[in-house]
Amino acid sequence: MTTTTPRPDRTAGPSGAAGAGVEPGDPRLDAPARVDLAHLQEILLGHYPQLRRSARALMADPQFHRIDGLPMAEHRERVLTQLRALAADGSVHRAFPARFGGADDHGGSLSRFEELVSADPSVQIKSGVQWGLFASAILHLGTERNHDEFLADALSLKVPGAFAMTETGHGSDVAAIGTTATYDPATQEFVIDTPFRAAWKDYLGNAALHGTAAVVFAQLITAGPGERPVNHGVHALYVPLKDANGVFLPGIGGEDDGLKGGLNGIDNGRLHFTGVRVPRTNLLNRYGDVARDGTYSSPIASPGRRFFTMLGTLVQGRVSLDGAAVGASRIGLTIAVTYANQRRQFQGATGEETVLLDYAEHQRRLLPLVAEAYAAGFAHEDLLALFDDVFSGRNDTEETREDLETMAAALKASSTWQALRTLQTAREACGGAGFLAENRLTGLRADLDVFVTFEGDNTVLLQLVGKRLLADYAKDMRHLDAVKVARLVAERAADAARYRTPLVRALQTITDVGDARRSVGHLRDTATQRELLADRVETMVAEIAGGLRPAQKASPVQAAALFNQYQHQLIEAAQAHAELVQWESFTAALDRIDDAGTRQVVTWLRDLFGLRLIEAHLSWYLLNGRLSAGRARTVTSYIDRLLTRLRPHAQDLVDAFGYEQAHLRAPIASGAEAVRQDEARAWFKAQRASGEAPVPEKHVRH
């Protein structure tokens, strides 16, 4: 897919040739510095190129495009109409069983779904509510009886549905929700209640207007020994909400959440239940069931494991948000880089105004974000492959599910924060034009804001990642005998002492004396980058584990207090782990690039990503003795050199994302700016040639 945006001269500006500033004999100059655009586009389309192309072709249709300034009520109705068009197209069925018109293709389904963000994020998220949450909960948490009764209508959109998990008082802490579903054996029904205001289901897509049913998560309660109630933890039930006239059924009430900071094409609302009865068979009973007499059974004996298994089946929401955030970042960067390659400002040495992207600071603002978008995109494709591997059943084990949940949590947190940072920077880099709604950046930024808190607040998700890192560390230690553990602890102590003395830094300085290329060569080496990034993660985890060791013998209160002291360090370690995952995915992707020149340019981009991570954490590397002061200074100087090398390829690198004007829909990225600039330059040139141009005051002799 090629872009319709006019492609400016990529060698404009002071950077000159792509290899400017590279020393003779540098092996990185063996391949011509150019980009095979078609080849790179194919690489970036990932594992499902045809599905992504077909989704983009569909999203190029104006019927799916967001209309800026549309009143909220009209926007909501437009998005519902767009969902009906998607349902009629049949593409939403792809992840579901063949008997429901699907293909059991979980990864392919998400790859198409993620592309909806280019048309309108409200379409993507409302689709996610309907088919990624509501219908998928029926599929993954229910059994064949639930599928037969409820799934077809959910897929066709005959029954628009809500996913009623979040409560006003409990968002991320799902295990503590207040809604109850108490079984009544006399009528073989569950009685659903929200016993206090904080237990109301809140922020639910489809709940304010369109939803006629919901999957409701509640504490499942049955009679126990001696008739004392037993709480079996959180389970999901299918609950009809409205009658044929759209009126709430008895015992059900709701409110509209109203205008939001973004995504106003989605009718978010809240629901509450008082004595609402549903049949026993409305329990989605794959992981827990209740017999007619009230006897509870589950294939998973442990309540804790049961709960996390149930939530784990819904991980696709985080996977899809990761992909959508990558897409939004790519769109924003395509707009900003294209504009920066055409917009001119301030007269340069040639007498003409300078292209924005020829300014070093503008390169510093945008090109590292392009590198981040590549890293996040490659990592997402690896996550998508793991997701499909698990959900297809090809490699569905407890360990791979845990890996999937950890990776999804880490990458969703990273990419959604990256998207907000990218869109804000792109907006600022486009000046006043970037603030106009017609150029998409402010709207995308507003719509993606909530991505960082739904499907799991990013900070909470990183705590989960950190706990997994600690658990893996403890597991590795348990596999060693006492002698090996003591030896490992001693080695770590010796390493810490060695790194914290001037010795290592002095050796680096001595090695680098007289030849800065040695330092540069060290830093651009793949193994060195990996070692520096991985060592930071491993060291941080080991230090946290050591600090938490007293908790093993402490009281629960003392242990909780100690863990709280290390919460920030744990989140930092999880972030470092996510960065390492993205770097590893980026590095692995280089092997899939067959064209030598393209691989050279993208390798420079990978180096920029890795060294920017190191630069961002230079204080850690210096304080922990991993880098000398001299080598630390080289990090920044080599980043500057990489920016110079990459500048001529900037347009190719964003054009390779493959978005057409029908997806960008930003006038400043349409070529209009280039036309304006050419007109202005021609006018001034004609003025100068005519000899009638006014003389600047400073040139007039008094």
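Analyst: Axis angles from 65 to 115 degrees count as roughly perpendicular. With that in hand, let's look at this predicted model.

User: Happy to. Why are helices H9 and H19 called roughly perpendicular to each other?

Analyst: The axes of H9 (residues 360-391) and H19 (residues 567-590) cross at roughly 85 degrees. That value lies in the range from 65 to 115 degrees, so H9 and H19 are roughly perpendicular to each other. Their axes come within 8 Å.

User: Which residues make the contact of H9 with H19?

Analyst: From H9 come Ala371, Tyr374, Ala375, Ala376, Phe378, Ala379 and Asp382. H19 brings in Gln582, Ser585, Phe586 and Ala589. By class, the residues in this contact are 8 nonpolar, 2 polar and 1 charged.

User: And H22, how do you know how it is oriented against H9?

Analyst: By the same kind of test. The axes of H9 and H22 cross at roughly 85 degrees and come within 10 Å. The angle falls within 65 to 115 degrees, and therefore H9 and H22 are roughly perpendicular to each other. On the H9 side, the contact is made by Gln363, Arg364, Leu367 and Pro368. Thr636, Ile639, Asp640, Leu643, Thr644 and Leu646 contribute from H22. This contact has 5 nonpolar, 3 polar and 2 charged residues.

User: Moving along the chain, why does arginine 647 count as buried?

Analyst: The cut-off for buried is under 20% relative accessible area. Arginine 647 has 1% relative accessibility, so it counts as buried. You will find arginine 647 in the loop between helix H22 (629-646) and helix H23 (650-655).

User: What makes the pair of arginine 647 and asparagine 341 a polar contact?

Analyst: Their side chains are joined at 2.9 Å, and a polar contact needs a suitable pair of N or O atoms within 3.5 Å. The value is inside that limit, so the pair qualifies.

User: What makes helix H1 "mostly covered"?

Analyst: Count its residues: 6 of the 8 in H1 (residues 37-44) are buried. They are Leu37, His39, Leu40, Gln41, Ile43 and Leu44. The elements covering these buried residues include helix H8 (316-340), H9, helix H20 (596-616) and H23. Just after H1, glycine 46 has a positive phi of about 80 degrees.

User: Let's turn to the strands. How do you know that E4 and E8 pair?

Analyst: Pairing takes at least two bridges between the strands. E4 (residues 201-204) and E8 are joined by 2 bridges and run antiparallel, so the requirement is met. Here leucine 204 stands opposite glycine 269 in E8. E8 also pairs with E7 (residues 252-256), over 5 bridges and again antiparallel. In that case isoleucine 252 faces phenylalanine 273 in E8.

User: Why are E4 and E7 called edge strands?

Analyst: The open sheet has 3 strands, in the order E4-E8-E7. E4 and E7 each pair on one side only, and these are its edge strands. From one strand to the next, the twist averages 20 degrees.

User: How many residues of E8 are buried?

Analyst: In E8 (residues 269-273), 4 of the 5 residues are buried, and E8 is described as mostly covered.

Terms used. Residues are numbered from 1 along each chain as its sequence is written. This is a predicted model: local features need pLDDT of at least 70, side-chain atom pairs count only at pLDDT 80 or more; totals for chains, interfaces and linings use all residues. Side-chain values use heavy atoms; hydrogens and water are left out. Buried means under 20% relative accessible area, exposed over 50%, partly exposed in between (1.4 Å probe, protein chains only). A polar contact is a pair of N or O atoms within 3.5 Å; within protein, one must be able to donate a hydrogen and the other to accept it, and residues adjacent in sequence count only if both atoms are side-chain atoms. Axes are lines fitted to C-alpha atoms, for helices over the stretch in contact, and angles run from 0 to 180 degrees between N-to-C directions. Angles under 35 degrees count as roughly parallel, over 145 as roughly antiparallel, 65 to 115 as roughly perpendicular and the rest as oblique. Contact means heavy atoms within 4.5 Å. Ala, Val, Leu, Ile, Met, Phe, Trp, Tyr, Cys and Pro count as nonpolar, Asp, Glu, Lys and Arg as charged, and the others, Gly among them, as polar.
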